[in-house]
Amino acid sequence: MDFETFFRRELDGLRGEGRYRVFADLERQAGRFPIATYHGEGGPRDVTVWCSNDYLGMGQHPKVLAAMHQALDGSGAGAGGTRNIAGTNHYHVLLERELAALHGKEAALIFNSGYMANWASLSTLAAQIPGCIVLTDALNHASMIEGIRHSRAEKQVFAHNDAGDLRRRLAGLDPARPKLIAFESVYSMDGDIAPIREFCDIADEFGALTYLDEVHAVGLYGPHGGGIAEREGLSGRLSLIQGTLAKAYGVIGGYITGSAALCDFIRSFASGFIFSSSLPPAVAAGAIAAIRHLKESSVERQQQQERVAALRAKLDLAGIPHLNNPSHIVPVMVGEAKACKAISDELLSRFDIYVQPINYPTVPRGTERLRITPLPFHSDADIDALVAALSAIWARDGLKRAA
Ligand code: PLP
């Protein structure tokens, strides 16, 4: 086989569809977020980032940076091994305690990413529990889908956020069979929120385990940042809550929390946990500082929600179509891959605004969008500049306006 030709042809196919991914070469600037230096054609220049998942700017928070500096100087760069082989640093232990307390659970387990936490935990549970059948929401994240697929367990995909469909499917199954319901709280592309209480009621009725991904909610919702489950007083009803340290907590890593036996089971059987070197101690220290800060402070959460409302109001005035949802995610709908990419390119080249296009397979074809994430630090002037730029493009290209 001519491998090079094969690779190039496949990539050309992506380009032809307008969904070839180009990474913007950005240099983040601690203290100036959401301004970053863009290293593009014509040399470096400042741009305003409008699609970061460092939702509350904890990636530049002085407490986080100080904790990381201290741990880096005290414990060095890497962890030095897998958790089982010299790689358990005291910071990991403290972080797991902090996470368990955050979600009101007995235990927690950290992974190198949220993706790995989902992939390893779901694949281990579904593969190891004899006869397990997985009920998975139709819009679950790729890491959940891949974990379930890897388990080779039987699965049923229920209609997105549809408690009726979930219930019907469970009612049709052998009552004796172990069941696992996997879903997210805030869905990252549409920004809608799962009916967690109804799902928990249904899980209780059928004796199912519940697996909740709170990646886009931890740090952001609940009085202590414990996510939507905390906000709704439901943390205790979920068997497992999964989250990330890479979004609202500003660093990197993922985790699960649950009963002591459940976390110990995954710790003891999950290949993706056992055979991978652990997070650098400084990362764990930074995560602890971010979690502790957001447990005590709601200022960042309130500012973010206020900025989200301000942007939505201005988009509405300008007639720029965006999905109305109850979260901090503002998807501006374009509906065509090439147009979406062209708008993103123009925002960057002409207006120094960076929002990456979201295309298939991240979202279904025909629903391509700009996924905008307002931050506590976006000023009124930033919002005005973004809406003016979008309006200019919408007017020139005759794009569809919202009513
Ligand atoms: N779960 C969801 C819903 C996500 O959107 C993501 C990433 O964006 C992940 C899990 C993976 O988390 P991480 O970025 O920490 O690997």
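A polar contact is a pair of N or O atoms within 3.5 Å. By this criterion, Gly114 contacts the ligand in the predicted model. A polar backbone atom of Gly114 is 2.8 Å from an oxygen atom of the ligand. Two side chains make contacts of this kind as well. Asp213 places a polar side-chain atom 2.6 Å from a nitrogen atom of the ligand. In the side chain of Lys247, an N or O atom is 2.8 Å from a ligand oxygen atom. On its own, the ligand has 390 Å² of accessible area, and the protein covers 85% of this area.

The shell around the ligand holds 13 residues. Those that come nearest are Gly114, Asp213, His216, Thr244 and Lys247. By class, the shell divides into eight polar, three charged and two nonpolar residues. Helix α4, residues 114-128, gives the most to the shell, with three residues.

Asp213 also belongs to strand β8, which spans residues 209-213. Is this strand enclosed or open to its surroundings? Four of its five residues are buried, so β8 is largely enclosed by the rest of the structure. The cut-off for buried is under 20% relative accessible area.

Strand β8 pairs with two strands, β7 and β9. Strand β7, residues 179-184, runs parallel to β8, and five bridges link the pair. Within this pairing, Leu212 of β8 stands opposite Phe183. The connection passes through helix α7, residues 196-206. Together, β7, α7 and β8 make a β-α-β unit, and the unit is right-handed. Strand β9 covers residues 240-244 and also pairs with β8 in the parallel sense, here over three bridges. Asp213 has Gln242 of β9 as its bridge partner. Asp213 thus takes part in strand pairing and in a polar contact with the ligand. Thr244, in the range of β9, is among the residues that come nearest to the ligand.

Two further sheets were examined. In general, strands of a sheet pair through backbone hydrogen bonds, in either a parallel or an antiparallel arrangement. One open sheet has four strands in the order β1-β2-β3-β12, with mixed pairing. Its edges are β1 (26-28) and β12 (353-354). Each edge strand has a single partner, so one side of each is left without a neighbour in the sheet. Strand β1 pairs with β2, residues 35-40, in the antiparallel sense over three bridges. Leu26 faces Tyr38 of β2 across this pairing.

The other open sheet consists of three strands in the order β11-β14-β13, and its pairing is antiparallel. Here β11 (330-333) and β13 (357-358) stand at the edges. Each has a single partner strand, so one side of each lacks a neighbour in the sheet. Strands β11 and β14 run antiparallel and are joined by four bridges. Strand β14 covers residues 369-372. Its residue Ile372 stands opposite Val330.

Arg307 was considered separately. Arg307 is found in helix α12, residues 299-318. Is this residue buried or exposed? The relative accessibility of Arg307 is 9%. Buried means under 20%, so Arg307 counts as buried. Its side chain has a polar partner in the backbone. A polar atom of the Arg307 side chain lies 3.0 Å from the backbone oxygen of His378.

Terms used: Residues are numbered from 1 along each chain as its sequence is written. This is a predicted model: local features need pLDDT of at least 70, side-chain atom pairs count only at pLDDT 80 or more; totals for chains, interfaces and linings use all residues. Side-chain values use heavy atoms; hydrogens and water are left out. A residue is near a molecule or strand if one of its heavy atoms lies within 4 Å of it. A polar contact is a pair of N or O atoms within 3.5 Å; within protein, one must be able to donate a hydrogen and the other to accept it, and residues adjacent in sequence count only if both atoms are side-chain atoms. Accessible areas come from the Shrake-Rupley method with a 1.4 Å probe; for residues, only the protein chains shown count as cover. Ala, Val, Leu, Ile, Met, Phe, Trp, Tyr, Cys and Pro count as nonpolar, Asp, Glu, Lys and Arg as charged, and the others, Gly among them, as polar. Buried means under 20% relative accessible area, exposed over 50%, partly exposed in between (1.4 Å probe, protein chains only). Two strands pair if DSSP finds at least two bridges between them. A crossover is right-handed if, with the strands pointing away from the viewer, the path from the first strand over the helix to the second runs clockwise.
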